[in-house]
Amino acid sequence: MQRLVDAQQPGPQPAGADWYDDYKTYDEVNTRLLGLESSFRDLATVFEVGVSIEGRSIYGIRISSDASEKPAFVIQGCQHAREWVTVMTVTYIAETLLEQSMDPAIQLLLDRINFYIVPIVNPDGYAFSWDVERLWRKNRRNNGDGTFGVDLNRNWSYAWGGEGSSGSPQSNTYRGTAPFSEPETAAVSAYITSLPDVRLHLDIHSYSQLVLQPWGFTLDLPPDHDTLDAFGEELVAEISGVHGARYEHGPGAEILYVASGIAGDWSYGELGVPGLTYELRDQGQFGFLLPPEQIIPTCEEIWAAMVYSGEWMVDPPFFK
Ligand code: 0X9
Ligand code: ZN
C-alpha cells in the first residue's frame, strides 16, 4: 500500500528500495535481515539455523503476526553458491511480506502461517563465489584429497546415494560421505524437522525457469502427482502473469534430470509435505550470471507464486 502512495508522489523512493538493483554479499544480506527485524519487531525474528563448515552462521527470519502455532511455510535459497539471484529473491519474499503486512490479503497469510525464510543455506560457498571463483557450486568441505566441496543438494537423507549423484569428491554433484554429512544440510533439515505442522518447503535455485515437483530420484510418479501437478500449473501461471516469463513445471526427474539426495525429495518423502524446487531466470542466455536488471522482475514474478502458495497451503487439496 505504501508503495502505491509513494508512486503517486514525486520525491525519494522508500528507504532502501534500490537494494534489489544489484547483488548483495553474505554480510549485506545478514544486515538487511537484522534491519527488517528491527523495523518490524512485532512480525519478524531473525534466528540462527546453524553454522557452516567454515563457521559462518546460517540465518533465517521467521515472519508471522503472532507467536502461536500455525502451519509452517519454509523457503530456502542458495544451496548452490553461484545461484546469486536466489539470495535476492528469497530475501525479497521476506521483505515484501513485511512491507505489505497491512494489505488485507497479506495480513490474512501472516495470521494463518508461520513463514521460515532462509536466504543463504550455503554461506561458505556463497562467500567463495564472491571472493574467489564466481561459478563455485558446492559447500567448502575439505575432502582431504586435494578437492573441496560437497553438493548440498545431493546430501539430503532421502534416497541418498542414488542415481544422479556422484561418489567422486571432485564432482560437482558429490554427495558426501553420508546422508547429512554436511553441517549446512544437517542444520537446515534438523531445524525443519523441529517445526510443528510444516506444509510446504521450497528450495530455490537457478537457472532454467522451472517449477520441479517430486520426485527427483526416480521417474516413477509420486502418489500425489495429480494434486502436485495442478499446483505446479497454477504456479507457472502466476509467474507468467507478472512479466510474461515462461516457466515449465513437472516432476524434476522427468523434465530436468534424475537427481538423488535433493531437498525436495526429503520434504516429500520424509515429512510428507510438498517439496518443490524452483529454477529461477533465465533460460540460459546469461545463466548464473543473470544481469542485475533482472533481479527485480525475477523477485516480482516469484512473489506472485508465493502469495498463491500461501493461500493454497492453508487449505490445500493435498491435505484433504
Ligand atoms: O541439480 C540440482 O540440484 C538442481 N538444479 S541446479 O541447476 N540448480 O543445480 C535441481 C534439483 C532438482 N532436480 C530434479 N528433481 N531433477
Ligand atoms: Zn542449484
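## Pockets, metal site and aromatic contacts

Strand S8 supplies three residues to the lining of the largest pocket, the largest share from any element. The model described here is predicted.

The largest pocket holds about 320 Å³ of space. It is lined by 27 residues, of which Leu212, Leu256, Tyr257, Thr277 and Glu279 are the closest to its centre. At least two lining residues come from each of strand S5 (198–206), strand S6 (210–213), helix H8 (252–255), helix H9 (263–271) and strand S8 (275–280).

The model also has one cavity of 30 Å³ or more. The space in this largest cavity is about 50 Å³. Its lining is formed by Val49, Val74, Gln76, Tyr116, Val118, Val188, Tyr191 and Ile192. Helix H6 gives the largest share of that lining, three residues, and strand S3 (72–77), strand S4 (114–118) and H6 each provide at least two.

The zinc ion (ligand 2) is coordinated by His80 through ND1, by Glu83 through two OE entries and by His205 through ND1, at 2.0 to 2.3 Å. Along the chain, the donors of this zinc ion follow the spacing H-x2-E-x121-H. His80 is buried, because its relative accessibility is 2% and buried means under 20%. Glu83 also counts as buried, at 2% relative accessibility.

Aromatic side chains form 21 pairs in the model. In one of them, Tyr23 and Trp84 meet edge-to-face, with 5.7 Å from centre to centre and 65 degrees between the planes. Tyr23 belongs to the loop between helix H1 (2–8) and helix H2 (26–39), whereas Trp84 belongs to helix H3 (residues 84–99), so this pair ties together parts that are 61 residues apart in sequence. Tyr23 is buried, with a relative accessible area of 9%, and Trp84 is likewise buried at 9%.

The ring centres of Trp156 and Phe180 are 5.6 Å apart and their planes lie at 70 degrees, so this pair too is edge-to-face. Both residues lie in the loop between helix H5 (123–131) and helix H6 (183–194), so the pair ties together parts that are 24 residues apart in sequence. Trp156 is buried, with a relative accessible area of 0%, whereas Phe180 is partly exposed at 22%.

Tyr23 and Trp84 also belong to one aromatic cluster together with Tyr126 and Trp130.

Two charged side chains sit over aromatic rings, as listed below.

| Charged residue | Ring | Distance to ring centre |
|---|---|---|
| Lys24 | Trp19 | 5.2 Å |
| Arg140 | Trp136 | 4.8 Å |

Thr298 lies in helix H10 (residues 295–314). With a relative accessibility of 0%, Thr298 counts as buried. Leaving aside residues up to four places away in sequence, Thr298 touches Val85, Thr89, Leu280, Arg281 and Leu290.

Key. Residues numbered from 1 in each chain as written. Chains lettered and ligands numbered in written order. Predicted model: local features only at pLDDT ≥ 70, side-chain atom pairs only at ≥ 80, totals over all residues. Heavy atoms only, no water. Phe/Tyr/Trp six-rings, centres within 6.5 Å; stacked < 30°, edge-to-face > 60°. Helix = DSSP H or I, 4+ residues; strand = E, 2+ residues; numbered from the N terminus. Buried < 20%, exposed > 50% of the residue type's maximum accessible area, 1.4 Å probe, protein only. Lys NZ or Arg CZ within 6 Å of the ring centre and 35° of its normal. Contact = heavy atoms within 4.5 Å. Donors = N, O, S within 2.8 Å, 3.2 Å for Na, K, Ca; no water. 1 Å grid on protein atoms, 1.4 Å probe; cavity = no way out; pocket = protein on both sides within 12 Å on 5 of 7 lines; lining within 4 Å. Points joined across faces, edges and corners; volume = space filled by probe spheres on them.
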